[in-house]
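Colleague: I am new to this one and would love a friendly tour of its rings and strands. Could you show it to me first?

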Amino acid sequence: MTNRLADTLSPYLRAHADNPVDWYPWGAEAFVEARRRDVPLLISIGYSTCHWCHVMARESFSDPAIAALMNDGFVSVKIDREEHPEVDSAYMAAASAFTQNLGWPLTVFATPRGRAFYAGTYWPPDARPPMPAFRDVLAAVREAWTLRRAQAEESADAVTEALARAAESSPADLPDDAAIARAAESVAAREDRRHGGFGGEPKFPVATTLRFLQDPLVRRQAPEAAAAVGRALAAMAGSPLRDADGGFFRYATRRDWSVPHYERMLTDNAQLLDVALAAGDDEVVRGIAAFLLGVLRRKGGGFGAAQDSESWIDGVRSEGGYYLRAVPERAALSPPAVDGKVITGWNGLAIGALARAGARLGEPSWIGASEAAAAHVLRVNRGAGGALVRASLDGGASGAVATAADLGLLAEGLFALASATGEASWAVTARGILDDALEGVGRDPLLTDNGIATAPDHTDGDLPSDAAAVAAAALTAWRLGAGDRYRDAAARTVRDLAVRALEQPFAHGSLLRVAAGLAAPPRQIVVVTNEPGGALARSAQRADADVIAVVAPAQAAAFADAGFELFEGKAATVERAYDCRAFVCRLPVSDPAAISSGR
């Protein structure tokens, strides 16, 4: 049989189209059917490069007997977490009430209104103590729904109410230098001093945390904490976590960074490119850029979401087998598939990282790739009304709404592209997208219509939280001279979440980085020149500054005309560099040696 997933946008859903399970995609139709039949929803969430998602699909979702149990007792919904992050976040938060072993595949049993009353992750088809058999879980949940329904619904309502209370926050003052330094030291106290990085098993790169520790304020006020980044990057780069072609795997299953989980994500690699650039590790930067451009870049210029952990070798499905071969040996093998979804915010991360790295290292092709990706996302990732959507695939736009993080990360990437190219139009577009994000992004309509609580999206996961992503873009807009209202917006977000961020700094690295940016005056360098590759521009690109923009005289005028006051009065006809602190600029210089590399 072919179910309803064959015509969806998601490669993950399409891979389940021939399952004997009568799958529904996320949408109102599944809810209507669950109410009509008066049965629970079985919500299965995963993504295309998830190894254990593949395993559960082969073991259980392809088994006619298990599929019959699912079809008889439930309305089954398959969700790509990368396409619907808000839905994934809501059900992941609900699942935490039932299991501590959170991850994907995520399996949630919910009332016909979508409220969770039981959840777990991977279950095998037959019992493997301590894991029960999936078939037995299905039978037990169906029995509970039939015989103890009131208890199940009461549990679902209790979870919904608890999540709603968790969304509340108490505003506080902006953190000062000392508070931010203490937060950084608290994070650094969790460092694995033997193997580098943070955590035990499994062990993740935690790029958002590393970027916080690299902030200039942290380097100045808590230098020992900042030094943890260099150790972590060196350990990861010298371990099996980095593939021979320069790309990094999702995480390591061992504390010493060995035995990777072999999927390779755009999110991790784009952020680690920025980490390596800030650390001055050009070799790692070049390796990641080669991976992004050579593997994840799709036709049209956008970047795919990830490369799979599995591939076919000698007729057998192998996890990691391709990556364990030497690079020359791989030429004879079919590489693991790339999930070609072009996700708006994830591409924003890549656009910004490649623009910054291209400008710093003098690689115009990287900046060109950043421009191509930006143009693709802005053209293709649009809904019927013209608003940005979450993702696209092969030129077709998803129906899923863009999240606040999508808009914030894309705006941040476009601001970086404007600085790297000198083209004010990218900054104008970024400002408009940021304004939309600050006005508020609509929730997923099914979550709203059914009163399903969403988790407060304030902690970092594998990328910055919604709140931090928008606040960071607002801070950048202010630094470029877009106006004090953008600084005020970033400050409001930090004040709202400061108490929680300082209590749990490891989970709030992105927000604390914004807090650090608000606590110290920015350094802004504008080089006005007709030779963007000349000595003055190259000297500026090597400086430690929050804004480095290289513009031609006409481009400086265009920025100023568009309302970016940092560029006002700088459309000189001769080559000059302006070194500013919070918009107060020193006398312009023409000698490259006069631009200090340090702050």
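Colleague: Is Tyr323 buried or exposed?

Modeller: This is a predicted model, where local features need pLDDT of at least 70, side-chain atom pairs count only at pLDDT 80 or more, and totals for chains, interfaces and linings use all residues. Residues are numbered from 1 along each chain as its sequence is written, and side-chain values use heavy atoms, leaving out hydrogens and water. Buried means under 20% relative accessible area, exposed over 50%, and partly exposed in between (1.4 Å probe, protein chains only). With a relative accessible area of 6%, Tyr323 is buried.

Colleague: Nice! And why does Phe249 count as buried?

Modeller: The cut-off is the one we just used for Tyr323, under 20%. Phe249 counts as buried because its relative accessibility is 2%.

Colleague: How are the rings of Phe249 and Tyr323 arranged?

Modeller: Rings of Phe, Tyr and Trp (its six-membered ring) pair if their centres lie within 6.5 Å; planes under 30 degrees apart are stacked, over 60 edge-to-face, and the rest tilted. Here the centres are 5.0 Å apart and the planes stand at 80°, so the pair of Phe249 and Tyr323 is edge-to-face.

Colleague: How many aromatic pairs does the structure hold?

Modeller: By that same ring rule, the total for the structure is 22.

Colleague: What angle separates the planes of Phe98 and Tyr118?

Modeller: These two rings form an edge-to-face pair, 6.2 Å centre to centre. Phe98 is partly exposed because its relative accessibility is 26%, and Tyr118 is partly exposed at 32%. Between the planes of Phe98 and Tyr118 the angle is 65°.

Colleague: Which residue has Arg190 over its face?

Modeller: A charge sits over a ring if NZ of Lys or CZ of Arg is within 6 Å of the ring centre and within 35 degrees of the ring normal. Arg81 lies over Tyr47 in this way, 5.6 Å from the ring centre. For Arg190 the distance to the ring centre is 4.1 Å, and the residue is Phe506.

Colleague: Which strands stand at the edges of the open sheet β8-β9-β12?

Modeller: Strands (E, at least two residues) and helices (H or I, at least four) are DSSP runs numbered from the N terminus, and two strands pair if DSSP finds at least two bridges between them. This open sheet has 3 strands with antiparallel pairing. Each edge strand has a single partner, so one side of each is left without a neighbour in the sheet: they are β8 (264-265) and β12 (338-339).

Colleague: Which residue in β12 stands opposite Gln307?

Modeller: Strand β9 (residues 306-307) and β12 pair in the antiparallel sense over 2 bridges. Opposite Gln307 stands Val338.
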